[in-house]
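Work through the following exercises with the sequence and the structure side by side. Each task is followed by a solution that proceeds step by step.

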Amino acid sequence: MSIAGRVSTLRRPRDLMEERPPAAWTARIVTLFPEAFPGILGLSLTGKARDQGLWGLDTIDLRPFGLGKHKNVDDTPAGGGAGMVLRADVVGPALDHAALGTPEDRTRWPVVYMSPRGKPFTQAMAQRFAGAEGMTILCGRFEGVDERVLDHYAIEEVSIGDFVLTGGELAAQIVIDATIRLLPGVLGNQASTEEESFSHGLLEHPQYTRPAEWQGRAIPEVLMSGHHGRIEAWRRAQSEEITRTRRPDLWDAHIAKQKKGD
Ligand code: SAH
């Protein structure tokens with residue numbers, strides 16, 4: 001399959017997508033700024049993996065779904081107030097278009113709206129998304145989207161943190177990045193996703209590489225010992241200490257899980 005075929009930007013609603021599920025894990029992005037994609041995802045390991053067909057990206061430009069001569073996509077908030085709101089009768093048809101050829105079962109194909117009001121994005125969520133066949137992500141702009149669209153399509157709202165961005169595109173790229181690096185073959189070394197931060201509920205131990213001494217600072221002796229048992233124990237202790245002091249919330253959850261015998 002050609003790369004052009006997988007990374008398609010559908011500028012006109014008439015260019016209907018194929019009515020069969022994509023071959024590889026695919027993100028369908030509904031956005032006013034399709035040119036923002038693949039963005040950083042086109043670089044390095046994620047870019048290479050896309051070139052190899054391990055994941056795909058379809059952007060659905062919201063603009064052609066706009067109304068009237070000027071293809072308006074937004075309007076003033078009902079009840080008054082600052083800013084503009086993306087219209088339900090514009091976003092709805094774009095989401096219908098994005099749904100073409102995708103499974104209706106949301107476990108197989110999650111449909112997400114990037115939103116500061118959403119459930120905080122976590123590694124567990126990335127794992128769930130990576131276990132699906134792909135996902136649709138709606139990127140908001142301005143004050144967001146008409147609530148009725150979210151209700152009508154039972155869209156899952158996901159936040160990347162307690163701050164407000166100008167649009168959902170950067171947030172979507174973060175979600176996609178964290179998800180596709182979990183897909184088989186995307187990272188060179190599969191083991192690296194099994195040992196890193198969050199995968200066991202703990203933050204990662206410190207990492208070092210050559211030179212053995214830098215600015216008077218030596219690499220901890222144990223790491224140079226070649227003794228795998230001692231290295232493992234040291235890393236584990238560091239990991240626990242870093243989690244306990246930096247993220248008491250994660251530490252408490254970890255302890256609670258251990259008490260339950262998991
Ligand atoms: N008025 C909204 C904020 C709109 S910000 C509110 O107060 O909740 C514009 C768009 O940026 C949103 O529609 C959303 O898609 C995106 N966005 C902003 N902050 C985000 C965050 N923390 N996580 C995910 N998406 C975010």
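**Exercise 1. Locate Thr136 and decide whether this residue is buried or exposed.**

Begin with the secondary structure of this predicted model, in which Thr136 has its place in strand 7. Next, count the C-beta neighbours inside 10 Å: Thr136 has 24 of them, and because a residue with 20 or more is classed as buried, Thr136 counts as buried. Then look for its partners beyond four places in sequence, which are Arg28, Val30, Ala98, Thr102, Trp109 and Val111. Finally, compare sequence and space for one pair: Thr136 and Leu95 are 41 residues apart along the chain, while their C-alpha atoms are 8.4 Å apart.

**Exercise 2. Describe helix 3, and find which of its residues are buried and what they pack against.**

Start with the extent of the helix: helix 3 runs over residues 88–99, has 12 residues, and reaches 16 Å from its first C-alpha to its last, close to the 16 Å expected at 1.5 Å a residue. The buried residues in helix 3 are Val90, Val91, Ala94, Leu95 and Ala98. They cover an arc of only 125° around the axis, so they lie on the same side of helix 3. The elements against which these buried residues pack are strand 2 (25–31), strand 3 (55–61), strand 5 (85–86), strand 7 (134–138) and helix 5 (147–152). To see one of the buried residues in detail, take Ala94, which is in contact with Val30, Ile60, Leu62 and Phe65 when neighbours within four places in sequence are left aside. As a last step, move past the end of the helix to Gly101, which follows helix 3 and has a positive phi, near 75°.

**Exercise 3. Find which residues have the most contacts inside the largest nonpolar core, and which elements give two or more residues to this core.**

The largest nonpolar core has 43 residues, and those with the most contacts inside it are Ile29, Val30, Ala94, Ile137 and Leu138. Two or more residues each are given to this core by strand 2, strand 3, strand 5, helix 3, strand 6 (111–120), helix 4 (123–130), strand 7 and helix 6 (169–180). A general tendency offers some background: in soluble globular proteins, nonpolar side chains tend to be buried together.

**Exercise 4. Work out which residues of helix 2 are buried and which are exposed.**

In helix 2, which covers residues 44–51, the buried residues are Thr46, Ala49 and Arg50. Because they cover an arc of only 100° around the axis, they are placed on the same side of helix 2. On the other side of helix 2, Ser44 and Asp51 are exposed. Turning to what covers the buried residues of helix 2, one finds that it includes strand 3 and helix 6. Just after helix 2 comes Gly53, with a positive phi of about 80°.

**Exercise 5. Assign Ser159 and Thr209 to their elements and work out how exposed each one is.**

Ser159 has its place in strand 8 (residues 156–159), and with 18 C-beta neighbours inside 10 Å this residue counts as partly exposed. Apart from residues up to four places away in sequence, Ser159 touches Ser115, Pro116, Arg117, Gly118, Lys119, Pro120 and Phe121. For one of these partners, Gly118, the C-alpha atoms are separated by 4.5 Å, although the two residues are 41 residues apart along the chain.

Thr209 is found in the loop between helix 7 (191–195) and strand 9 (213–214), and with 7 C-beta neighbours inside 10 Å this residue counts as exposed. Thr209 and Glu240 are 31 residues apart in sequence, and 21 Å separates their C-alpha atoms in space.

**Exercise 6. Summarise the protein as a whole, and say where its coordinates call for caution.**

The protein has nine helices and 10 strands, and of its 262 residues 28% count as buried. The protein is divided into domain 1 (3–180) and domain 2 (196–261), whose C-alpha centres lie 36 Å apart. For confidence, the average pLDDT is 92, and 91% of the residues score at least 70. Over residues 1–6, however, pLDDT stays under 50, and the model has six contacts beyond four places in sequence for them. Over residues 11–15 the pLDDT is also below 50. Where pLDDT is low, the predicted coordinates should not be read in detail.

Note on methods:
Residues are numbered from 1 along each chain as its sequence is written. Helices (H or I, at least four residues) and strands (E, at least two) are DSSP runs, numbered from the N terminus. A residue is buried if 20 or more other C-beta atoms lie within 10 Å of its own, exposed if 12 or fewer, and partly exposed in between; C-beta atoms are placed from the backbone. Two residues are in contact if their C-beta atoms, placed from the backbone, lie within 7 Å. The expected span of a helix is 1.5 Å times one less than its number of residues. The arc is that of the directions from the helix axis to the C-beta atoms. pLDDT is the predictor's confidence in each residue, from 0 to 100. Domain bounds come from an automatic or database domain assignment. A nonpolar core is a set of buried Ala, Val, Leu, Ile, Met, Phe, Trp, Tyr and Cys residues joined through C-beta atoms within 7 Å.
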